[in-house]
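Colleague: Thanks for making time for this. Could you take me through how each label was arrived at?

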Amino acid sequence: MSTSLQQGLAAMIDKIDAPIASFFNSCVHCGMCADACLFYTETGDPKYTPIHKLEPLRKVWYREFTLEGRLLKMFGLAKAPTDAELVEWETLIYDSCTLCGRCSMVCPVGNDIVYMVRKVREGMVASGHAPAGLKEATVRSIEIGSPMGVTADTLRAQIKHAAKDTGLDIPLDKAGVDYLLLMSSAEIMQFPEFMGAAAQIFHQAGVSWTLSSTAYEATNSGMQIGSSELAAVLVKRIVDAAEKLKVKTVISPECGHAYTALRWEGPNLVGRPFTFKVKHILEVLDELRAEGKLRTEGLETERMTFHDPCQLVRRGGVHDQPRNLLRMVAPDYVEMEDAGNMNWCCGGGGGVSANERAEPLRIKVFSRKKKQLDKIGVSAMVTACSNCRNMLEEGLEHNHMDIKVLSLTELIAEHLAK
Amino acid sequence: MSDDKTLAETLAQRGISRRSFLKFCASIASLMAMPPAMAVEMAEKLAAARRQSVVYLSFQECTGCLESLTRSHSPKLEDLIFDAISLDYQETLVACAGHFAEHILKEAIEKNDGKFILMVDGSIPLKDGGIYSTIAGRTNLDILEWVAPHAAAVIAVGSCAAFGGIPKANPNPTGAVAVSDIIKDKPIINVPGCPPIPVVITGVIAHYLTMGTIPDLDELGRPKVFFGDSIHDRCYRRPFYDQGKFAKSFDDEGARNGWCLFELGCKGPTTHNACATTKWNGGVSFPIESGHGCLGCSEPDFWDAGSFYTALSAPTKDVANWAAIGVAAGAAIGVAAGIANRSTKTETKRTRKPLTVDDLKGKPKS
Amino acid sequence: MNIFDILQWARGTGLQIAVVIFSVGVLIRLLEMWMLNRKPDLAEPRASGTLGGWRTVFTRSAPSMVLMKKAGLLLVSGYIFHLGFFIVLFFFAPHIRLFHNMFGVSWPALPNGIIEIITILSIGALFALLAHRIMNPVQRFLSTFQDYFVWLASLLPLLTGYLLLHTSDFSYSQMLTAHLLSVELLLVIFPFTKLMHAFTTFFSRWYTGAMAARKGVTV
């Protein structure tokens, strides 16, 4: 079989639930969500208004799930979205939405708009209208094990490097430990220091942990492209490994959407509660700090700020932990305007970074982050998502801004008390 | 009964001074919103006027209108004006009876053909050939269709003649209609009220006598000078309405303080009449002043406009039970729609093919 | 058929028809929505979703300070209109009489003078909202015929109600008829337009608040 408009519409029908019906019933076209969306604020183009991006889903809801819509449909008056419409909407749904969820925070009638964008992607991908970059990343994730094509062998090579650099044993497939640490491909390929940093912290804290050769990849392209079925395949790998190794907790690494995919969507995707806990690395570090197992020395002299990854803060509930940790090592730490739950997205979340077509737009809307940064004048920005890190570095470079982008875990590891 | 004396002569004969006649004219002029100078002109014209022939037909009515017009506690000018016109035929007041009376009517019509004013009191039953009200074997319809073509103008006295009134009230067993439903080619002045205010009748006649025309009428055929304002507009309790001070029952503090009777069903806001300015019983009082809301008797179908004690803002029919029925019906249809929605989802879920990684490799089918 | 007949129809049969369409429509809309259900959330929650849902039902009524800078006019006008409409609907003495007559409950009214000021403010706010809808590129882009129609249908009861308090130039009967008919129009279109948000916004807020609260996020 293959994708088709029919499959796409069926996927939308399948995903429409009471909240979505309530959201469409409630929208009064006030347009306030536009002001919350960086794609609108930075371009001024009304087509980027978040609720407008959901027009195909609204049509399906009205036609299939309202009495008037059903009656109008009988007389051919309530039209389903056409293939051409879905083509047109593809860029709105995938290129100009990072699933950041800022719109859901401001909607006066309380609509969770991004919840609907996530669902409309189910229909877009089933109808064949997903960006090539995301499709390829998803295929690689399913077939090779990582969106960047990272294999278990690549992982083993990196483990060797990290073990050599830190002089610590980096366990692989060790059963019965407390923590199973996942990685994102970016961390394996671009930010290899992360693995060593984690090893040093766990060593100091004296907790047992492991990596897995079958479930090393934390990211979930299936969720980003919007396919619950494919997302479930990827989550299942982690669940299997965690249960086989009998770990107590699976740690989601410095990645935003990986956390959402595993922590919040994961049990729903595989259809049962997990037998282990899922925590973000920052949650684990903050717990260790609270237990006194995380001790640092020395302080940063630079003026720093923290960039909240969307999926961690407003879509994940990890807000206080990074601040507690940052205060340990960076006394001159300042908050950006709108920091925390209303922070602005790096511009590359929700699969936008894997979508080459979206790059010019993504670079353009970085101006929002620039405005935030210009107001506080910092020389370093700390974050806890390797995708954000990539996007921020690109954006800063494009704008010729001399600000370092740091990983919070790595920063803490540098300050570990000897 | 008609004679050739002028009104001035008749009044002088009855001992009414010119001064009190002028006063009367001034009050009529002011009532009719004429400039003060008009009072003198009116007095002169009225005084010089020959007695106007009037034929007064009583149909399906209660004689309340006539009572109102003729029974005053003390002789007043308006009664005298009434006397001063030549009431050539009025079934109740006519001295003779039987064929003589009918003869007088015929004579009055012939003598003043095209000049007399026809006053009609009561509605006209049409059902079953109009048999529900007959005089001397003739139906009201028959009489009206015979007399009206000879009149100069018709004054429909009281709400029955003007709008059908109480005989027309639901279920209207006699098929009662208003004069204007039958007579289409004569000027008709409606002076509704149950009963109408005497001075309003005399005012209309005075206008006709002095101006030779009928006054400006509103869309319901009522003289605007008397029916232009609502009771509410002219009510002395209006300030309480504006302040939101309402009597909630007929014996509460608000009622004792003379607050607005809107909530007790007063129809003043939708009723156009002069009660609040001319008042009744020689200017003594009017219903609201005596503590009861206006019934709206000078408006069409006032008897069917819901309870006299239901506030204007409240529905005249049962709404709560219909709302309950609506909720029940809505719940039933809603549950059915909900079940249909669920089956749409179940069916789609059942037939829909899960997405596989191969689907991402192929080109979409259109 | 004169104005008096139309008034009687509007006070009786018309109101019955409108109320039936309103109640049937609203019930259908709510049930067909609510019965779509949600899948149970299997992820281990950080906090109670139910409580969080209720919290958001209330907190989302507070003005968003983030948007106050960007869309101050829209927010302020929105508040004035919604509060004004609510106060006028429920605290004008004749309206209370209507509810008392239908449902047997009543409560104290506000003086007409205050109601009048609030009515004027609400009408002003509605015009400000229309101006915003026409001038603001996003709102103009989003707006459909329904948005303008609902705007008009919301304005008419306020406008005719205001004129009803000032009957010097208009006949009370005509204005009362117009007022009742405009209210009936509002009731009739209510279930089939975005006016439904008056009910569903509380569901929306609850769902959004509950989903966020389970994640430990206050929205």
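Modeller: Happy to. Let me start with one pair: the side chains of Arg29(C) and Glu68(A) meet in a salt bridge, with 3.2 Å from N to O. Please keep in mind that this is a predicted model.

Colleague: Why is the meeting of Arg29(C) and Glu68(A) called a salt bridge?

Modeller: The rule asks for a side-chain nitrogen of Lys or Arg within 4 Å of a carboxyl oxygen of Asp or Glu. Arg29(C) and Glu68(A) have N to O at 3.2 Å, so the pair satisfies the 4 Å cut-off. The count between chain C and chain A is three salt bridges. For polar contacts, the rule finds 32 residue pairs across this interface, both residues being at pLDDT 80 or more.

Colleague: Which helices of chain C supply at least two residues each to the side that touches chain A?

Modeller: Those are α2 (13–34), α4 (65–91), α7 (137–142) and α10 (197–214) of chain C. The largest share comes from α10(C), with ten residues. By type, that side of chain C divides into 23 nonpolar, twelve polar and 15 charged residues.

Colleague: How do you know what area is buried between chain C and chain A?

Modeller: The buried area is what the two parts lose in accessible area on being put together, summed over both. For chain C and chain A this comes to about 4,500 Å², and carbon and sulfur atoms give 59% of it. In chain C, Leu42(C), Arg46(C) and Lys215(C) lose the most area to chain A, together 14% of what that side buries. The contact takes 50 residues from chain C and 60 residues from chain A.

Colleague: Turning to chain A, how many helices and strands are there?

Modeller: Chain A has 22 helices and eight strands.

Colleague: And what makes chain A as compact as a globular protein of its length?

Modeller: The radius of gyration of chain A is 22 Å, and the globule rule gives 22 Å for 418 residues; the two are close, so chain A is as compact as a globular protein of that length. Of those 418 residues, 69% count as buried.

Colleague: One last residue: why is His398(A) called partly exposed?

Modeller: Its relative accessible area is 49%. Buried means under 20% and exposed means over 50%, with partly exposed in between, so His398(A) at 49% is partly exposed. His398(A) lies in helix α21 (residues 386–398) of chain A.

Key: Residues are numbered from 1 along each chain as its sequence is written. Chains are lettered from A and ligands numbered from 1 in the order in which they are written. This is a predicted model: local features need pLDDT of at least 70, side-chain atom pairs count only at pLDDT 80 or more; totals for chains, interfaces and linings use all residues. Side-chain values use heavy atoms; hydrogens and water are left out. Contact means heavy atoms within 4.5 Å. Buried area is the accessible area (1.4 Å probe) that two parts lose on being put together, summed over both. A polar contact is a pair of N or O atoms within 3.5 Å; within protein, one must be able to donate a hydrogen and the other to accept it, and residues adjacent in sequence count only if both atoms are side-chain atoms. Helices (H or I, at least four residues) and strands (E, at least two) are DSSP runs, numbered from the N terminus. Ala, Val, Leu, Ile, Met, Phe, Trp, Tyr, Cys and Pro count as nonpolar, Asp, Glu, Lys and Arg as charged, and the others, Gly among them, as polar. The radius of gyration is taken over C-alpha atoms; the globule rule is 2.2 Å times the number of residues to the power 0.38. Buried means under 20% relative accessible area, exposed over 50%, partly exposed in between (1.4 Å probe, protein chains only).
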